[in-house]
Every structure is written in C-alpha cells, then in structure tokens.
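Biologist: Hello! I am new to this structure and would like to learn how to read it. Could you show it to me and take me through a few features?

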Amino acid sequence: MATVKENLQRAIELTESDSPRLDLEVLLCHLLGKSRAWLYTWPEHQLNDDQQADFEQLLKRRIAGEPVAHLTGSREFWSLPLKVNRSTLIPRPDTEVLVETVLALCPQDTVRLLDLGTGTGAIALALASEKKHWQITAVDTMPAAVALAEENRAVQGFGNVQILQSDWFSALGGATFDVIVSNPPYIDTQDPHLRQGDVRFEPVSALVADEKGLADIRKIAAQAAGHLSESGLLLVEHGWEQGKAVRNIFSEYGYKDVETRLDYAGRERITLGRT
Ligand SMILES: C[S@@+](CC[C@H](N)C(=O)[O-])C[C@H]1O[C@@H](n2cnc3c(N)ncnc32)[C@H](O)[C@@H]1O
C-alpha cells in the first residue's frame, strides 16, 4: 500500500511517456474517482489494497505502451468527455483547429453539415455543442465506431446529430450539405511513426491510406463536390507535410479559394475549399 503522493512519485517508471507525471495523475484520478485538485489536497491519502493492486495493473499496461485514454476509457475533446476504445482514433488536440475553423467560417444558425469518418464523434459532437440548430450527419464505415459515436451522442443528449454507417458517401443517397468536414486516415503505410507511441494501439482503419496517405482524401475530394450546395465548404485534416499535395488534389477537382490552415504547432494541418 502507498499514499497518493508516493504513487505520484513513480514517474521514473514511465520511461517512454512524454508526460509521465500527468499519466500518473490521470490514472490515479480515474482509479479513485477524484479530481486532480483532490490529489493535491490529500497527498497523504492511503490507497487500500484493492486500489493499489488495480493501480499496479494500470501502471504495468501503461509501461507496456497502452495509451492512457484506453486505460481510462475516455478522452476530453472540446471540453466534452468522450468514451474511447480500440475501434477508432483517440481524438487529438490538433483536430480542435478543424472545429475552430468551421465555427469561424460558418456564423449561420442553420447549417447542414456532414462529418466523414467520425470515429468517437469528436468533430460532430464538438460542433453540436456549439450549434444547437445545425443539422449534423456523421458517418463511419466501422460498425464499432458508429456504435461508439452513437453512445457519445446519447450521453451528450444532442438531438441534432445523426450517426450512420457508411463507406464515405455510399449510404447518403443524393443528400446535400453546406459543409463537409473530415479527419480521414492519412498516414502512409510505410511511416515509421506507426510503430511508436499511442498509434500502435489504434486501428489501421483509422490511420492508414494508400497513395502515400492521400487515397482517402482524394476519394473525399472527388465525391464531396456532388454532395455540397452552391458555395459549399469542404475541410479536411491531413499530415503536416501533405499541405501542398492536398491543395493540388482540391484544385484538381475544381474547388475554389483553396487554402491551408496551421495547427497549434504552426504546421500545415487543415485544407479547405469551396464548390
Ligand atoms: C483519423 S480517424 C478520425 C476520427 C475522428 N473524426 C477524430 O477526428 O478523432 C478516421 C476515421 O475514418 C473512418 N473511416 C475509414 N475509412 C472510412 C470510409 N471508407 N468511410 C467512412 N469512414 C471511414 C475510420 O473508421 C476512423 O474512425
């Protein structure tokens, strides 16, 4: 048995983590059902035998590389606590740039928006939390991801979001939208990062695309124009070295006003264009 403080002093065991102290705090909060403020208020609180045994298990799995979000089963995105699992991507902070960009470009109260490859529902639900009157459709091809997004939608109680299983546009018939957004798979199959960090525990279906990572972005750009209203907006997230290639794809399919926005690290991350 150990105290909260003693357990928080075990950061040295998490040699591969970029944020060992934070990892320990999040795991302890999850285990004890307490906030980080509580951990700092009660450093001498002693874990009971069961709690300590559970903590040792979590720590062992974290040392083996499992993402903290998989150990706790949740990740915050746009201040929404989202359930996560192995069926899809753990939402990343950089994707909030996509949400911010959509909100900045679309001040209207009524917008028909489509989120392609919704995963946990992160982008669709973040937008729904800001825009109660937008009609939001979110699709994913993986049934387990569709179920996860629907669970997250129901927890938030957003009645203006519809989650569907669809291979990109296949289940959407002739539906049209004012805005189409996507954070699709965009990692090249040969990228060495696939063997590092959290992505080792995330599914290939959420990460990897052919054509040096650009195949899904190309499919989306090719088909989105037929589902966008006049002057409709397409925005996709992509790798920080793919900006030029994605702008070229957008131009190839006739999009206008094509531009790329930067992420929080100042790297090219979101490309957008209009029909
Ligand atoms: C990079 S993840 C993004 C998840 C979520 N939108 C986010 O930003 O956290 C890509 C998602 O696209 C989905 N996906 C892959 N191929 C698809 C397809 N052909 N049609 C629809 N969704 C697809 C994957 O299952 C995965 O959930």
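Modeller: Gladly! Let me begin with a definition: a residue is called buried under 20% relative accessible area, exposed over 50%, and partly exposed in between. Keep in mind that this is a predicted model.

Biologist: Then is S231 buried, partly exposed or exposed?

Modeller: S231 has a relative accessibility of 44%, so this residue is partly exposed. Its place is in strand 7, which covers residues 228-237.

Biologist: And what is the phi angle of S231?

Modeller: Phi of S231 is near 60°, a positive value in a residue that is not glycine. K212 is another case to look at: its phi is near 55°, again positive in a residue other than glycine.

Biologist: Where does K212 lie?

Modeller: Look for the loop that runs between helix 9 (204-207) and helix 10 (215-224); K212 is there. With a relative accessibility of 67%, which is over the 50% limit, K212 counts as exposed.

Biologist: Now the overall layout. Which domains does the protein have?

Modeller: Domain bounds come from an automatic or database assignment. Here that assignment gives domain 1, residues 4-65, and domain 2, residues 88-274. Between the C-alpha centres of domain 1 and domain 2 there are 34 Å.

Biologist: There is also a ligand. Which residues come nearest to it?

Modeller: The ligand has 19 residues around it, and the nearest are T88, G117, D140, D167 and W168. By class, the shell divides into eight nonpolar, nine polar and two charged residues.

Biologist: Which polar side-chain or backbone atoms should I look for beside the ligand, and at what distances?

Modeller: A polar contact is a pair of N or O atoms within 3.5 Å. In the side chain of T88, an N or O atom is 2.7 Å from an oxygen atom of the ligand. D167 places a polar side-chain atom 2.8 Å from a ligand nitrogen. T118 takes part through its backbone, where an N or O atom lies 3.3 Å from a nitrogen atom of the ligand.

Biologist: How much of the ligand does the protein bury?

Modeller: Taken alone, the ligand exposes 600 Å², and the protein buries 95% of that area.

Biologist: Let us turn to S166. Where is S166 found, and is it buried or exposed?

Modeller: S166 is in the loop between strand 5 and strand 6 (177-182). Its relative accessibility is 3%, so S166 counts as buried.

Biologist: What does the side chain of S166 reach?

Modeller: Follow the side chain of S166 to two backbone nitrogens: that of A171 at 3.0 Å, and that of S170 at 3.3 Å. Apart from neighbours within four places in sequence, S166 is in contact with V139, D140, T141, A171 and L172. D140 also appears among the residues that come nearest to the ligand.

Biologist: Which other buried residues could I compare with S166?

Modeller: Try L116 in strand 3, residues 112-116. L116 has a relative accessible area of 0%, so it is buried. Setting aside neighbours within four places in sequence, its contacts are V139, W168, F169, I180, V181, S182, N183 and I220. N152 is another example: this residue lies in helix 8, residues 143-156, and is buried because its relative accessible area is 3%, under the 20% limit. Beyond residues up to four places away in sequence, N152 touches L82, K83, T120 and L125.

Biologist: Helix 8 holds A147 too. Is A147 buried, partly exposed or exposed?

Modeller: A147 has a relative accessibility of 47%, so it counts as partly exposed. For a sense of distance, A147 and L116 are 31 residues apart in sequence and 15 Å apart in space, C-alpha to C-alpha. A147 and L214 are 67 residues apart in sequence, with 27 Å between their C-alpha atoms.

Biologist: One last residue, Q162. Where is Q162 found, and what is it in contact with?

Modeller: Q162 is in strand 5, residues 161-165. Leaving aside neighbours within four places in sequence, Q162 contacts I136, T137 and A138. Its relative accessible area is 45%, so Q162 is partly exposed. V246 is 84 residues away from Q162 along the chain, and their C-alpha atoms are separated by 28 Å.

Definitions and conventions:
Residues numbered from 1 in each chain as written. Predicted model: local features only at pLDDT ≥ 70, side-chain atom pairs only at ≥ 80, totals over all residues. Heavy atoms only, no water. Near = heavy atom within 4 Å. Polar contact = N/O pair within 3.5 Å; in protein donor to acceptor, adjacent residues only side chain to side chain. Areas by Shrake-Rupley, 256 points an atom, 1.4 Å probe, with all protein chains shown as cover. Nonpolar A, V, L, I, M, F, W, Y, C, P; charged D, E, K, R; others polar. Helix = DSSP H or I, 4+ residues; strand = E, 2+ residues; numbered from the N terminus. Buried < 20%, exposed > 50% of the residue type's maximum accessible area, 1.4 Å probe, protein only. Contact = heavy atoms within 4.5 Å.
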